[in-house]
Amino acid sequence: MEHLERCEWLLRGTLVRAAVRRYLPWALVASMLAGSLLKELSPLPESYLSNKRNVLNVYFVKVAWAWTFCLLLPFIALTNYHLTSKAGLVLRRLSTLLVGTAIWYICTSIFSNIEHYTGSCYQSPALEGVRKEHQSKQQCHQEGGFWHGFDISGHSFLLTFCALMIVEEMSVLHEVKTDRSHCLHTAITTLVVALGILTFIWVLMFLCTAVYFHNLSQKVFGTLFGLLSWYGTYRFWYPKAFSPGLPPQSCSLNLKQDSYKK
């Protein structure tokens, strides 16, 4: 438990800072552009991470939203209830996960449709010999063809959105104080470590996507969708009254306590 607490303390000091929430979006954009430039001008040699079948890609990135959802759900529930003691407020905050699920579904559907309507079926990866009889990506692949269209980077989108969402939700740790002897302390500590590790995986795989996969325009659009999804929710919609709301902070908690005194 001691090692877990040390790891949690380190992650708190790294990911909970306001500077991280402020500069992480810019850091992701800069790394995407730098990685893409490196890919075009001086490609890195093939590595384990450049293989789409690597463990992190298959078991984490491919189901990135599922990992993010499953770890944020108990984290939001425990930390928000610990601070507010209001089940209604906790349910309201948990609706951020439903909003995130809707964003994930809508954006990936848009990407799929764009690839479909801009694509064609070819006989080889070199884009030779158009197969005009195949009008869908699925049918093309079933017949041994190769579909090529404008494939917006789903990895760039989802990893950007997930990393930024986790960092936003972890800001609540500024207010969370628990007794080490309480089971809640162990649960929150474990979740903080898990979410911290997950965030580093998302950032690492985002960098790998920038360096090894897709072209620049596909990654620009993917990252842009991720940034707009984050900004539209946590910076524009959630601060408003009719929304899932932001993670509880000192000012909102003080207002709540003052209303109880009245």
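**Entry 1. Helix 2 against helix 7**

I began with helix 2 (residues 18-41) and helix 7, whose axes come within 10 Å and cross at roughly 170°. Angles over 145 degrees count as roughly antiparallel. I therefore recorded helix 2 and helix 7 as roughly antiparallel to each other. I then looked up the residues that meet: on the side of helix 2 they are Val20, Arg21, Leu24, Pro25 and Leu28, and on the side of helix 7 they are Thr160, Ala163, Leu164, Val167 and Glu168. I note here that the model is a predicted one.

**Entry 2. The protein as a whole**

I next turned to the overall picture. The secondary structure comes to 10 helices and two strands. Read from the N terminus, the order of the elements is α-α-α-α-α-β-α-β-α-α-α-α. I found that the C-alpha atoms fill a box of roughly 75 × 40 × 30 Å along the principal axes. The protein has 262 residues, and 42% of them are buried. The exposed area is about 14,300 Å², of which carbon and sulfur atoms supply 65%. Among contacts with a separation of 6 or more, 79% are between residues 24 or more positions apart.

**Entry 3. Helix 5 against helix 7**

At what angle do helix 5 and helix 7 pack? I read an angle of about 170° for helix 5 and helix 7 (residues 154-170), with the axes 11 Å apart. This makes helix 5 roughly antiparallel to helix 7. Helix 5 contributes Arg93, Thr96, Leu97, Gly100, Ile103, Trp104, Cys107, Thr108 and Phe111 to the contact. Helix 7 contributes Gly154, Phe157, Leu158, Phe161, Met165 and Glu169.

**Entry 4. Salt bridges**

How many salt bridges does the structure hold? I recorded four, and I looked up several of them in detail.

Arg93 and Glu169 join their side chains in a salt bridge, at 2.8 Å from N to O. Arg93 belongs to helix 5 and Glu169 to helix 7, and the pair links distant parts of the chain, 76 residues apart. Arg93 and Glu169 are also listed in the contact between these two helices. Are the two residues buried or exposed? A residue under 20% relative accessible area counts as buried. Arg93, at 4% relative accessibility, is therefore buried, and Glu169, at 1%, is buried as well.

Glu115 forms a salt bridge with Lys137, and their closest N and O atoms are 3.2 Å apart. Glu115 lies in helix 5 and Lys137 in helix 6, so this pair ties together parts 22 residues apart in sequence. Glu115 is buried, at 9% relative accessibility, whereas Lys137 is partly exposed, with a relative accessible area of 34%.

Arg235 forms a salt bridge with Glu168, the closest N and O atoms being 2.8 Å apart. Arg235 is in helix 9 (residues 216-237) and Glu168 is in helix 7, so parts 67 residues apart in sequence are tied together. Arg235 is partly exposed, at 36% relative accessible area, but Glu168 is buried, at 5%. I noted Glu168 in my first entry too, among the residues of helix 7 that meet helix 2.

**Entry 5. A nonpolar patch**

Which residues make the nonpolar surface patch of about 390 Å²? I found Trp104, Tyr105, Ile106 and Ile110. Ile110 has its place in helix 5 (residues 87-117). With a relative accessible area of 34%, Ile110 is partly exposed. Trp104 had already appeared in the contact of helix 5 with helix 7.

**Entry 6. Thr209**

I looked up Thr209, which lies in helix 8 (residues 183-212). Its relative accessible area is 2%, so Thr209 is buried. Leaving aside residues up to four places away in sequence, Thr209 touches Ser153, His155, Ser156, Leu159, His214 and Lys219.

**Entry 7. Glu143**

Where is Glu143 placed? I located Glu143 in the loop between helix 6 (137-142) and strand 2 (146-148). Glu143 has 48% relative accessibility and so counts as partly exposed. I also compared its position with that of Leu191: the two residues are 48 apart in sequence, and their C-alpha atoms are 45 Å apart in space.

Notes. Residues are numbered from 1 along each chain as its sequence is written. This is a predicted model: local features need pLDDT of at least 70, side-chain atom pairs count only at pLDDT 80 or more; totals for chains, interfaces and linings use all residues. Side-chain values use heavy atoms; hydrogens and water are left out. Helices (H or I, at least four residues) and strands (E, at least two) are DSSP runs, numbered from the N terminus. Buried means under 20% relative accessible area, exposed over 50%, partly exposed in between (1.4 Å probe, protein chains only). Patches are made of residues with over 30% relative accessible area and no salt bridge: like charges are joined within 9 Å, nonpolar side chains (Val, Leu, Ile, Met, Phe, Trp, Tyr) within 5 Å. Accessible areas come from the Shrake-Rupley method with a 1.4 Å probe; for residues, only the protein chains shown count as cover. Axes are lines fitted to C-alpha atoms, for helices over the stretch in contact, and angles run from 0 to 180 degrees between N-to-C directions. Angles under 35 degrees count as roughly parallel, over 145 as roughly antiparallel, 65 to 115 as roughly perpendicular and the rest as oblique. Contact means heavy atoms within 4.5 Å.
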